[in-house]
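Here is a short tour of a protein chain, meant to be read with the model open beside you. Let us start with the whole chain and then turn to its strands.

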Amino acid sequence: MNFRPRHRDEPEINLIPFIDVLLVVLIFLMLSTTYSKFTELQLTLPVADAEQQRDRPKEIIVAVAADGHYAVNRNAMEDRSVSALAQALGTAASAGKDSVVIISADATAPHQSVVTVMEAARRAGLSQITFATQSSTAAGKAK
C-alpha cells in the first residue's frame, strides 16, 4: 500500500489562444468599420469682420497725457479734478454701468493721474476698467 499523499497538479489555463482570438476580432472590427464624414448638410458659415462687430458704445477711452491732462473720448478736459472727470465719465457712459473704461496713458504720465482716472470711474459707478498698451514692435516703429 502506498500511503504517500498524491500531489495533484492544478489545471492550467493557457491565455495565449484567447489573446490571439481577441486580436483577430479587433482587427476584423477595425477593417470593417467605415470612417466617413457626415456630409448630408451643406452649411455656409457667415462671415463677419471683427472690427465691425466690436461694441463701440460701451467703450469710454480716457487718454492721459504725459503732463497729466485728460481727454475723455477725444474731448480734452481743462479741469483735472476727480469730480469733473467723474462727471465727464458719467455723461460718456451711454451703456450705463456696463460701459468699459479704457485708460490710455502715456508711458511717462504721472502715476497719480492714472489713479485719479480710476477713482473717477469708481465715483461714476463704472467698475470695468482696462488699460490700453501697444506691442513692443509698434513702440519700436514709433521712435
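The report below covers the overall make-up, the strand pairing and the surface.

Please keep in mind that this is a predicted model. The protein chain holds 5 helices and 5 strands. Read from the N terminus, its elements follow the order α-α-β-β-β-α-β-α-β-α.

Now to the strand pairing, where S4 (residues 100–105) is a good place to begin. S4 runs parallel to S1 (residues 59–64), and 6 bridges join these two strands. S4 also pairs in the parallel sense with S5 (residues 128–131), this time over 4 bridges. The table sets out both pairings together with a residue pair from each.

| Strand pair | Sense | Bridges | Residue pair |
|---|---|---|---|
| S1 (residues 59–64) and S4 (residues 100–105) | parallel | 6 bridges | valine 62 opposite isoleucine 103 |
| S4 (residues 100–105) and S5 (residues 128–131) | parallel | 4 bridges | valine 101 with isoleucine 129 |

Within the S4 and S5 pairing, valine 101 has isoleucine 129 in S5 as its bridge partner. How does the chain get from S4 to S5, and with which handedness, right or left? The path leads through helix H4 (residues 111–123), and this β-α-β crossover is right-handed.

Finally, a look at the chain as a whole. Of the 143 residues in the protein chain, 20% are buried. The accessible surface amounts to about 12,100 Å², and carbon and sulfur atoms contribute 58% of that surface. Among contacts in the protein chain with a separation of 6 or more, 68% involve residues 24 or more positions apart.

Notes: Residues are numbered from 1 along each chain as its sequence is written. This is a predicted model: local features need pLDDT of at least 70, side-chain atom pairs count only at pLDDT 80 or more; totals for chains, interfaces and linings use all residues. Side-chain values use heavy atoms; hydrogens and water are left out. Two strands pair if DSSP finds at least two bridges between them. A crossover is right-handed if, with the strands pointing away from the viewer, the path from the first strand over the helix to the second runs clockwise. Buried means under 20% relative accessible area, exposed over 50%, partly exposed in between (1.4 Å probe, protein chains only). Contact means heavy atoms within 4.5 Å. Accessible areas come from the Shrake-Rupley method with a 1.4 Å probe; for residues, only the protein chains shown count as cover.
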